[in-house]
Amino acid sequence: MATRGPARREPVRPAGGRRLSVLAFVGLVVAYLIVLHGLALTLTSGLVTRYAAPGTLNEMWRGITLPEAVSVVLVVAVVSWLRWWPPVLRDDRPVQRWVVVVPIGMAACAVVVTDYAALAGKGAAFTLTLLLSAALIGVGEELMFRGLGVTVFRANGFREGMVALWSTVIFAVAHTANLLTEGAGAFVQVLTTMVAGYFLYLIRRRSGGIAVPAVIHAVWDFSLISGQVNPDRPYPLSLLAIVTMVVLAIVVFVRRHHIEPTPVPGPGRVR
């Protein structure tokens, strides 16, 4: 009978890179959030805004585009200082092929959920700025949480199950900052963010790097934000995103024992 190993392994520093402790990473996440939300609050001072619901181009570049751009610069600077680009950008721990249903399902849902009528009414400049903003969100958050986060837990000896758990939990907890502006309603977002964070972790491993989860993250946020650009007009189709999360979560739960690659028997091992 196989026995369960310890939750930690010996720390392994990324080749040629500096060491970063888990506590230091948590501090980095806090600094990242202070910069992101502090800048957004400063730039939107005096404006009546709602989280992820820009009604005008002015609201969007102040509340989303510029703060996200600065946060991307911050994360890029940290990864560069650590010299961690290879492990942040690439993943050498694949999962089984069926996991591809996760990015396909999320991408298909994003295409359907996008409020094309609302974007058409806002004009090309607004739509392109939203697309840029979503791309910055995807790049920044993936580099921070699926890039730095996954790498730091692996480098500190965490086994892959714990890497998935803690990188996902920190990603979800980071979104509790929205409680300051959205109140208790943000708890739903935190729960869905936790599920989405685990999906994006799986996508990183299935695709072999950070690029695909960054794109999926961007199109997902683009579709959800598009449904909120007219705050006075409900957009029921947004509920499809929650349905998609639930369906994919059920599929992943049912197939949870078939995520990791099938071990290849070595010499002397019984099949």
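The legends below describe an overall view and several close-up views of a predicted model.

**Figure 1. The predicted protein is built from helices, with 11 helices and 0 strands.** Read along the sequence, the elements follow the pattern α-α-α-α-α-α-α-α-α-α-α. The chain has 271 residues, and 43% of these count as buried. The accessible surface comes to about 14,000 Å². Carbon and sulfur atoms account for 70% of that surface. Among contacts between residues at least 6 apart in sequence, 83% join residues at least 24 apart.

**Figure 2. Helix α1 packs against helix α6.** Helix α1 covers residues 22-43 and helix α6 covers residues 124-155. Their axes come within 10 Å of each other and cross at roughly 170 degrees. An angle over 145 degrees counts as roughly antiparallel, and α1 and α6 are therefore roughly antiparallel to each other. On the α1 side the contact is made by Val22, Phe25, Leu28, Val29 and Tyr32. On the α6 side these residues meet Gly140, Glu141, Met144, Phe145, Leu148, Gly149, Val152 and Phe153. By class, the contact has 10 nonpolar, 2 polar and 1 charged residues.

**Figure 3. Gly140 sits in helix α6 and is buried.** The relative accessibility of Gly140 is 0%, so this residue counts as buried. Leaving out residues up to four places away in sequence, Gly140 touches Tyr32, Val72 and Val75. Gly140 and Tyr32 are both among the residues that form the contact of α1 with α6. Gly140 and Val72 are 68 residues apart in sequence, yet their C-alpha atoms are 4.6 Å apart in space. Val72 falls within helix α2, which spans 57-82.

**Figure 4. Helix α4 packs against helix α11.** Helix α4 consists of residues 101-113 and helix α11 of residues 239-254. The two axes are 10 Å apart, and the packing angle is about 170 degrees. Helices α4 and α11 are therefore roughly antiparallel to each other. Helix α4 contributes Val101, Val102, Gly105, Met106, Cys109, Val112 and Val113 to the contact. Helix α11 contributes Leu240, Ala241, Thr244, Met245, Leu248, Val251 and Val252. The residues of this contact divide into 12 nonpolar, 2 polar and no charged.

**Figure 5. Thr168 lies in helix α7 and is buried.** Helix α7 runs over residues 160-174. Thr168 has a relative accessible area of 4%, and therefore counts as buried. A polar atom of the Thr168 side chain lies 2.7 Å from the backbone oxygen of Ala164. Apart from neighbours within four places in sequence, Thr168 is in contact with Met194, Gly197 and Tyr198. These three partners fall within the range of helix α9, residues 186-207.

**Figure 6. Thr193 and Ala196 are two buried residues of helix α9.** The relative accessibility of Thr193 is 8%, so Thr193 counts as buried. Thr193 touches Phe171, Ala172 and His175, not counting residues up to four places away in sequence. Of these partners, Phe171 and Ala172 fall within the residue range of helix α7. Ala196 also counts as buried, at 11% relative accessibility. The C-alpha atoms of Ala196 and Thr168 are 8.6 Å apart in space, and the two residues are 28 apart in sequence.

**Figure 7. Asp221 is a residue of helix α10 that counts as buried.** Helix α10 takes in residues 211-226. Asp221 has a relative accessibility of 17%. The cut-off for buried is under 20%, and Asp221 therefore counts as buried. Between the C-alpha atoms of Asp221 and Ala52 the separation is 8.9 Å. Along the chain, Asp221 and Ala52 are 169 residues apart.

**Figure 8. Arg83 has a positive phi value in the loop between α2 and α3.** The loop that holds Arg83 joins α2 (57-82) to α3 (85-89). Phi of Arg83 is near 60 degrees, a positive value in a residue other than glycine. The relative accessibility of Arg83 is 42%, so this residue counts as partly exposed.

Terms used. Residues numbered from 1 in each chain as written. Predicted model: local features only at pLDDT ≥ 70, side-chain atom pairs only at ≥ 80, totals over all residues. Heavy atoms only, no water. Helix = DSSP H or I, 4+ residues; strand = E, 2+ residues; numbered from the N terminus. Buried < 20%, exposed > 50% of the residue type's maximum accessible area, 1.4 Å probe, protein only. Contact = heavy atoms within 4.5 Å. Areas by Shrake-Rupley, 256 points an atom, 1.4 Å probe, with all protein chains shown as cover. Polar contact = N/O pair within 3.5 Å; in protein donor to acceptor, adjacent residues only side chain to side chain. Axes fitted to C-alpha atoms, helices over the stretch in contact; angles between N-to-C directions. Parallel < 35°, antiparallel > 145°, perpendicular 65-115°, else oblique. Nonpolar A, V, L, I, M, F, W, Y, C, P; charged D, E, K, R; others polar.
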